[in-house]
Amino acid sequence: MGMNSNITIVGGGLNGCALALACAQVGFQVILLDQSRAQTQKSENFDGRAYALALTTVRMLRALDLWDSVAQHAQPILDIKVSDGRAGDGASPYYLHFDHRELDEGPMGHMLEDRYLRIALMDQMETHKNISYFPETKVVDQIQNAGAIQVVLDDGRQIKTQLLVGCDGRQSGVATRAGIKRSGWDYDQASLVCAIEHALPHNGIAHQFFTPSGPLAILPLTGNRSSIVWTEQKTRAVEISQMDSSEYLDCLRPVFGNFLGDIKLAGDRFMYPLGLSLAQQFVMPHVALVGDAAHGIHPLAGQGLNLGLRDVGALAETLANAKRRGEDIGALNVLQRYQSWRRFDATGMAVATDSINRIFSNDNGLLRTIRDLGLGAVNAMPNTRRGFMRHAAGLSGNLPKLMQGRQI
């Protein structure tokens, strides 16, 4: 049985669903293929995962009519404190403080649990007349024909599509089948991710401590809860991840400190090995890559989802403009507009997080002094600090219309 679509998206995660919605809203017929079961994607159980949504990502969710359904679950990030510390020492006296009152636009971002964002996207997508959603579906081949791509599914069905988009992560099958190579490296680090309940209120403050083994981010959730991204040397991270809850907390407490009072785990725990992975091209004829399929970066600044959604905004806008001009949306010259728009930002973010991680994740005395002085110096220069804040809020660079809160 054959099917046709303007756009076929592989991968039903947050980027895939958001892209399907953005493209459907401008009139494209979209097929979304996902290996997971729909029930898995719509699970309401809190699993500990949460995202730091930049201000511009919130605007995009508004433009896609999604924000109202998740806003009551979101925790505004009012302050960000970045400091250099060693377990037991507390933070060094040099730190960088970002206060939302210095930004005219309001909070720099919001923390939102994965379950709320995922369910809102799925609900909206499943009811859109221009989107056909196929869960539990695997792509086994993609064949380039004149002016289109033939996508072969594991049950023998075929889809003829003008554009195939890989939203299928770092191990992207779409990229591999298109012959797109990747470059990058693994870090000898892994991130332990969990959520905790704590006795004292966080007051909307996000903390990033740089420790010799890697950064520890403490990000405020609603109520007296925070999301933790705790980066450790890889073999140590594996050891900790295999501990029971009380041993795990015994390892976390000295790194975390007691500034929020007593802590306990809420939800599941995860471990992610870290690496940098960049696709050498983001596009080929009739093929485009979005999010981690194009660029997997160090989770240092929590920018992975924001970067992916900027890809979504840029690709949807590029395709909408091409459609209005009567161009072939799968043509390489059209897709290269998306690549040139996004590649510099994605590569720049990858290099920046990589460099920061290398400078901070060690205990070299000289580097420690340099970074302490650096943090203190940036904090003392209001204009530089506001520049950093605008970047963290996603306000710098050539923003897609959706990220400005505008319709495409």
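1. Start with F270, which you'll find in strand β16, residues 263–279. Keep in mind that this is a predicted model. Is F270 buried, partly exposed or exposed? With 22% relative accessibility, F270 falls in the partly exposed class, because buried would require a value under 20%. Leaving aside residues up to four places away in sequence, F270 touches D47, R49, S191, L192 and V193. Take D47 from that list: D47 and F270 are 223 residues apart along the chain, yet their C-alpha atoms are separated by 8.9 Å.

2. Now for the aromatic rings. How many aromatic pairs does a search of the whole structure find? It turns up four. One of them joins F209 and F259, with ring centres 6.3 Å apart. The planes of F209 and F259 sit at 80 degrees, so this pair is edge-to-face; the cut-off for that label is over 60 degrees. F209 belongs to strand β13 (residues 205–211), while F259 is in the loop between α8 (245–256) and β16. These two are 50 residues apart in sequence, so the pair ties together separate parts of the chain. As for exposure, F209 is buried at a relative accessible area of 14%, whereas F259 is partly exposed at 33%. Ring pairs also bring in F256, giving a cluster of F209, F256 and F259.

3. A second pair to look up is W230 with Y248. How are these two rings arranged? They are edge-to-face, with 5.6 Å from centre to centre and 80 degrees between the planes. W230 sits in strand β15 (residues 225–233) and Y248 in helix α8, so to speak a link between distant parts of the chain, 18 residues apart. Both partners are tucked away: W230 is buried with a relative accessible area of 2%, and Y248 is buried at 1%.

4. Y248 has another neighbour worth clicking on. R269 lies over the face of Y248, 4.2 Å from the ring centre. You can find a similar setup elsewhere: K323 lies over the face of F28, and here the distance to the ring centre is 5.2 Å.

5. Next, an open sheet. In which order do its three strands run? The order is β3-β7-β4, with antiparallel pairing. β3 (50–54) and β4 (75–77) are the edge strands, each pairing on one side only. From one strand to the next, the twist averages 30 degrees. β3 and β7 (residues 109–113) are joined by five bridges, and A52 is found opposite M111 of β7. Helix α3 (residues 55–63) packs on this sheet, where it touches β3 and β7. The direction of α3 makes about 90 degrees with that of β3. On the other side of the pairing list, β4 and β7 share three antiparallel bridges, and P76 has H110 in β7 as its bridge partner.

6. Stay with β7 for a moment. Why is β7 described as largely enclosed by the rest of the structure? Because five of its five residues are buried. Side chains in a regular strand alternate between the two faces of the sheet. For β7, both faces are covered: G109, M111 and E113 are buried on one side, and H110 and L112 are buried on the other.

7. Have a look at how two helices meet, too. The usual way to describe two packed helices is by the angle between their axes and the distance between the axes. For α1 (residues 14–25) and α5 (residues 114–126), the angle is about 35 degrees and the axes are 10 Å apart. The crossing of α1 and α5 is left-handed. On the α1 side, the contact is made by L14, C17, A18, A20 and L21. On the α5 side, the residues are D114, L117, R118, L121, M122, Q124 and M125.

8. Last stop: strand β1 (residues 2–10). β1 pairs with strand β11 (residues 158–166) in the parallel sense over eight bridges. β1 also runs parallel to strand β2 (residues 30–33), joined by four bridges. Which residues stand opposite V10? In β11 the residue opposite V10 is G166, and in β2 the residue opposite V10 is L33.

Terms used:
Residues are numbered from 1 along each chain as its sequence is written. This is a predicted model: local features need pLDDT of at least 70, side-chain atom pairs count only at pLDDT 80 or more; totals for chains, interfaces and linings use all residues. Side-chain values use heavy atoms; hydrogens and water are left out. Buried means under 20% relative accessible area, exposed over 50%, partly exposed in between (1.4 Å probe, protein chains only). Contact means heavy atoms within 4.5 Å. Rings of Phe, Tyr and Trp (its six-membered ring) pair if their centres lie within 6.5 Å; planes under 30 degrees apart count as stacked, over 60 as edge-to-face and the rest as tilted. A charge sits over a ring if NZ of Lys or CZ of Arg is within 6 Å of the ring centre and within 35 degrees of the ring normal. Two strands pair if DSSP finds at least two bridges between them. Axes are lines fitted to C-alpha atoms, for helices over the stretch in contact, and angles run from 0 to 180 degrees between N-to-C directions. A crossing is left-handed if the near helix is turned anticlockwise from the far one by less than a right angle, and right-handed if clockwise.
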